[in-house]
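Me: Please take one part of this model and go through it closely: the aromatic pairs and the elements that carry them. Give the cut-offs as you go, and keep it to plain description.

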Amino acid sequence: MGKYLKLLGIVVSLMVGQVRAETALIAVASNFSGAVEELEQVFEMESGHLIETVFGSSGRFFAQINNGAPFHAFLSADQEKPDALQKAGLVVEDSRFTYALGKLVLWSSQSNLVDSSGQVLKQNNFRRLAIANPRLAPYGIAAMETLENLDLASGIQGKIIQGENIAQTYQFVSTGNVELGLVAFSQVYRQDRIVSGSSWIIPADLYNPVRQDAVLLRRGANNQAAIAFLKFIRSEAGRAIIESFGYQVEMR
């Protein structure tokens with residue numbers, strides 16, 4: 001009988017867990033896609049909750065959330081848009097935090113095109129350069145700041161190809177359609193190395209820090225999956241995953 005009651009207790013516990021499990025719909029800046037997919041996998045296995053992610057430019061998500069898009073949380077590629085949503089009353093109070101600090105890299109899928117000091121860019125020795133649209137994507141803003149600080153912006157204007165977001169920008173370069181791109185370091189970095197091609201990590205003093213903030217949206221105020229997922233991102237395990245994709249994380 002004792003064994004039966006113990007087994008019944010396990011079954012009931014599992015059933016209760018299933019009833020309580022929820023699904024959260026989360027808008028995620030495209031530069032963070034690789035990291036969030038791993039975070040999502042670990043979180044779902046440990047929590048029982050489900051996470052559905054949609055990737056895109058922070059600018060488009062900002063507009064969609066303002067227009068009533070049914071997201072429970074938003075992982076932006078900047079601080080400005082979460083701040084504006086907070087001021088508009090669309091964010092749960094005190095939920096905002098910086099989950100990652102992104103880096104910019106000059107990258108080519110060709111193994112010998114970019115040297116360790118980025119001379120190919122500085123000498124204007126290329127046909128086309130891909131960047132994210134600075135009106136929509138924070139990494140595009142960082143790219144333009146870099147070009148301006150290198151006194152290159154006006155001279156290469158006709159060579160710039162803009163992606164709608166950093167994912168499309170990376171795709172332009174990874175397919176070889178564009179020789180060079182200013183992309184997110186996280187897109188080309190895994191296991192302590194650049195996974196392919198050639199690169200120059202842009203010095204941090206050439207652009208303003210890419211501080212990426214997350215918020216729990218009003219629609220997610222009572223969604224336990226969204227609440228728990230944001231908490232997991234800030235945990236030691238979550239931060240370790242984020243760092244493994246080439247981001248910096250702030251000390252807690």
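Reply: Phe32, Tyr99 and Tyr247 are linked into a cluster by ring pairs. The model is a predicted one, in which local features require a pLDDT of at least 70 and side-chain atom pairs count only at pLDDT 80 or more, whereas totals for chains, interfaces and linings use all residues. Residue numbers start from 1 along each chain as its sequence is written, and side-chain values rest on heavy atoms, with hydrogens and water left out.

Rings of Phe, Tyr and Trp (its six-membered ring) pair if their centres lie within 6.5 Å; planes under 30 degrees apart are stacked, over 60 edge-to-face, and the rest tilted. On that rule the count is 8 aromatic pairs. One of them is the pair of Trp107 and Tyr170, which is stacked because the ring centres are 5.2 Å apart and the planes stand at 20°. Since Trp107 belongs to strand 5 (residues 104-108) and Tyr170 to helix 7 (residues 166-174), this pair ties together parts that are 63 residues apart in sequence. Helices (H or I, at least four residues) and strands (E, at least two) are DSSP runs numbered from the N terminus.

For accessibility, buried means under 20% relative accessible area, exposed over 50%, and partly exposed in between (1.4 Å probe, protein chains only). Trp107 has 1% relative accessibility and so counts as buried; Tyr170, at 25%, counts as partly exposed. A further aromatic pair is Phe185 with Tyr189, which is tilted, with 4.7 Å from centre to centre and 35° between the planes. Both rings belong to buried residues: Phe185 has 6% relative accessibility, and Tyr189 has a relative accessible area of 14%.

Strand 5, which carries Trp107, is mostly covered, with 5 of its 5 residues buried. In a regular strand the side chains alternate between the two faces of the sheet. In strand 5 both faces are covered, with Leu104, Leu106 and Ser108 buried on one side and Val105 and Trp107 buried on the other.

Two strands pair if DSSP finds at least two bridges between them. Strand 5 runs antiparallel to strand 8, and 4 bridges join them; the bridge partner of Leu106 in strand 8 is Leu182. Strand 5 is also paired with strand 11, in the antiparallel sense and over 4 bridges, and there Leu106 stands opposite Trp200.

These pairings belong to an open sheet of 5 strands in the order 7-6-8-5-11, with mixed pairing. Its edge strands, each of which pairs on one side only, are strand 7 (160-163) and strand 11 (198-201). From one strand to the next the twist averages 30°; axes are lines fitted to C-alpha atoms, for helices over the stretch in contact, and angles between N-to-C directions run from 0 to 180 degrees. Strand 6 (residues 129-132) and strand 8 (residues 180-184) pair in the parallel sense over 2 bridges, with Ala130 opposite Gly181.

Two helices lie across this sheet, where contact means heavy atoms within 4.5 Å. Helix 7, which holds Tyr170, lies across strand 5, strand 6, strand 7 and strand 8 and runs at about 145° to strand 8. Helix 6 lies across strand 5, strand 6, strand 7 and strand 8, at about 130° to strand 6.

Helix 6 is itself mostly covered, with 9 of its 12 residues buried; among them are Tyr139, Met144 and Leu147. The expected span of a helix is 1.5 Å times one less than its number of residues. For the 12 residues of helix 6 (residues 138-149) that should give 16 Å, and the end C-alpha atoms are 16 Å apart, which agrees. Helix 6 is followed by Asp151, whose phi is positive, near 60°.

Some rings also meet charged groups. A charge sits over a ring if NZ of Lys or CZ of Arg is within 6 Å of the ring centre and within 35 degrees of the ring normal. The charged end of Arg234 sits over the ring of Phe97, 4.3 Å from its centre. For Lys159 the ring is that of Phe126, with the charged end 4.8 Å from the centre.
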